[in-house]
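Hello,

Here is the structure I promised to pass on to you. Have a look at it first, and then read on for what turned up in it.

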Amino acid sequence: LSCVFTALQLRHVNKHPEALPATSVTMLVVLALGYVIPLVLNLEDMYTDTRSRYILQLTSAGSLDLNEFMLRASTMLALVLQLRLLQLALSRRSTDPAGSRHEDSSSSDAERSTLWICLPLYVLGAVMVWIVHTSDGPRASAFSISAPSGPALVDDFAAYAGLILDGFLLPQVVSNAFSGSRVTALSPWFYAGGTVIRAAPHVYDVFRKHN
C-alpha cells in the first residue's frame, strides 16, 4: 500500500508540477528514513516469535525466508519510489524557470523555517526519552507497549522513531503555514492513504487487546 500511494503521489506531481516546490522536503526525508532504518537494522527479526514463518527451499544447500523476502522487497520498492519523489522535489527547486524563482525562494525559506522548528522538536523528544529511560532505571520501559522486547534504550528510541513517522505530515503542515501556499502539494490518496497506513497498527493493537 505504501508503494501504491507513493506511486499515486508521483502521478499527481507529474500532472501538477507546481505542487513539487510546495512539497516539504523534510517530510519526504522522514518518510525515506522510515524505510531505510528497518532495512539497515533488520527489525523484521523482532516479530519472528509472533507470526508464522514460511521457508522457501531453494536448493539442498540453502533456503529463503519468504516472509522476510517479501517484506524487504516491498520496503525497498517503497524506498525507491520515495527517493524518486524526493529527487523530483529537489530538482524542481533548482531548475525552476525564471518566472517562478520568487515562488521557489519562498518555498526554500519556508523549508528552512520548517527544519528549524521540526529538527529541535525531534531532538528535544529524543532527549526526553533518554531522561525518562534513565530515571526509570531497570523498571518498565517508557514505551513498553510499543517496545515489547524489553526496557533497553534502543527499544525506547525505536518507539520514538515510530512516533515521529506517525506524525510524518507535521513538516508539511508547518511548511504550508510559513509559505502561505494554496497549492495542493499532496494528492488526496497520498494524504489519506499514508495516514491510514500509520494508524492501522495502532487500531490493530487496540483490537488485539480487547480480543
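The search for disulfides in this predicted model came back with a count of zero. Two cysteines are still worth finding on your screen. C3 counts as buried because its relative accessibility is 16%, under the 20% cut-off. C118 is buried as well, with a relative accessibility of 0%.

Now that you have the chain in front of you, here is its general layout. The protein chain has seven helices and two strands. Starting at the N terminus, the elements follow the order α-α-β-β-α-α-α-α-α. Of the 211 residues in the chain, 33% are buried. If you take the contacts between residues at least 6 apart in sequence, 74% of them join residues at least 24 apart.

Helix α1 is a good place to begin. Its 14 residues should span 20 Å at 1.5 Å a residue, and the C-alpha atoms at its ends are indeed 20 Å apart, so the two values agree. The buried residues of α1 are C3, F5, T6, Q9, L10, H12 and V13.

One of these, F5, leads to the next finding. Searching the whole structure gives one aromatic pair. Its partners are F5 and W189, with ring centres 6.4 Å apart and planes at 15°, so the pair counts as stacked. This pair links distant parts of the chain, since F5 sits in helix α1 and W189 in helix α7, 184 residues apart. Are the two partners buried or exposed? F5 is buried, at 13% relative accessibility, whereas W189 is exposed, with a relative accessible area of 56%.

Next, the nonpolar core. The largest one holds 29 residues, and the members that touch the most others are M27, L28, L31 and Y122. Five helices each supply at least two residues of this core: α1 (2–15), α2 (25–41), α3 (66–94), α4 (101–136) and α5 (153–166). Helix α2 gives the largest share, eight residues. To see what surrounds one of these core members, pick L31. Apart from its neighbours within four places in sequence, L31 is in contact with Q82, L165, F168 and F190.

Where do the charged side chains meet? By the rule used here, there are three salt bridges, and you may like to look at them one by one.

- D109 and R112 form a salt bridge in which the closest N and O atoms are 2.2 Å apart. The two residues are three apart in helix α4, which means that about one helical turn separates them. D109 is partly exposed, with 36% relative accessible area, and R112 is partly exposed too, with 48%.

- R198 pairs with D166, and their closest N and O atoms are 3.0 Å apart. This bridge links distant parts of the chain, with R198 in helix α7 (residues 188–209) and D166 in helix α5, 32 residues apart. R198 counts as partly exposed at 24% relative accessibility, and D166 counts as partly exposed at 27%.

- R208 and D205 meet through their side chains in a salt bridge of 3.3 Å, N to O. Being three residues apart in helix α7, they are separated by about one helical turn. D205 is partly exposed, with a relative accessibility of 33%.

One more residue deserves a look, and that is E111. This residue lies in helix α4. Why does E111 count as buried? Its relative accessibility is 9%, and the cut-off for buried is under 20%, so E111 falls within that class. Which residues is E111 in contact with, once its neighbours within four places in sequence are left aside? They are T23, S24, V25, T26, R93 and S175.

If you would like a short tour, you could start with the stacked rings of F5 and W189, go on to L31 among the core members, and finish at the bridge between R198 and D166.

Enjoy exploring the structure, and write back whenever you like.

Best wishes

Technical notes. Residues are numbered from 1 along each chain as its sequence is written. This is a predicted model: local features need pLDDT of at least 70, side-chain atom pairs count only at pLDDT 80 or more; totals for chains, interfaces and linings use all residues. Side-chain values use heavy atoms; hydrogens and water are left out. A nonpolar core is a set of buried Ala, Val, Leu, Ile, Met, Phe, Trp, Tyr and Cys residues joined through side-chain atoms within 4.5 Å. Buried means under 20% relative accessible area, exposed over 50%, partly exposed in between (1.4 Å probe, protein chains only). Helices (H or I, at least four residues) and strands (E, at least two) are DSSP runs, numbered from the N terminus. Contact means heavy atoms within 4.5 Å. A salt bridge is a side-chain nitrogen of Lys or Arg within 4 Å of a carboxyl oxygen of Asp or Glu. The expected span of a helix is 1.5 Å times one less than its number of residues. A disulfide is a pair of cysteine sulfur atoms within 2.5 Å. Rings of Phe, Tyr and Trp (its six-membered ring) pair if their centres lie within 6.5 Å; planes under 30 degrees apart count as stacked, over 60 as edge-to-face and the rest as tilted.
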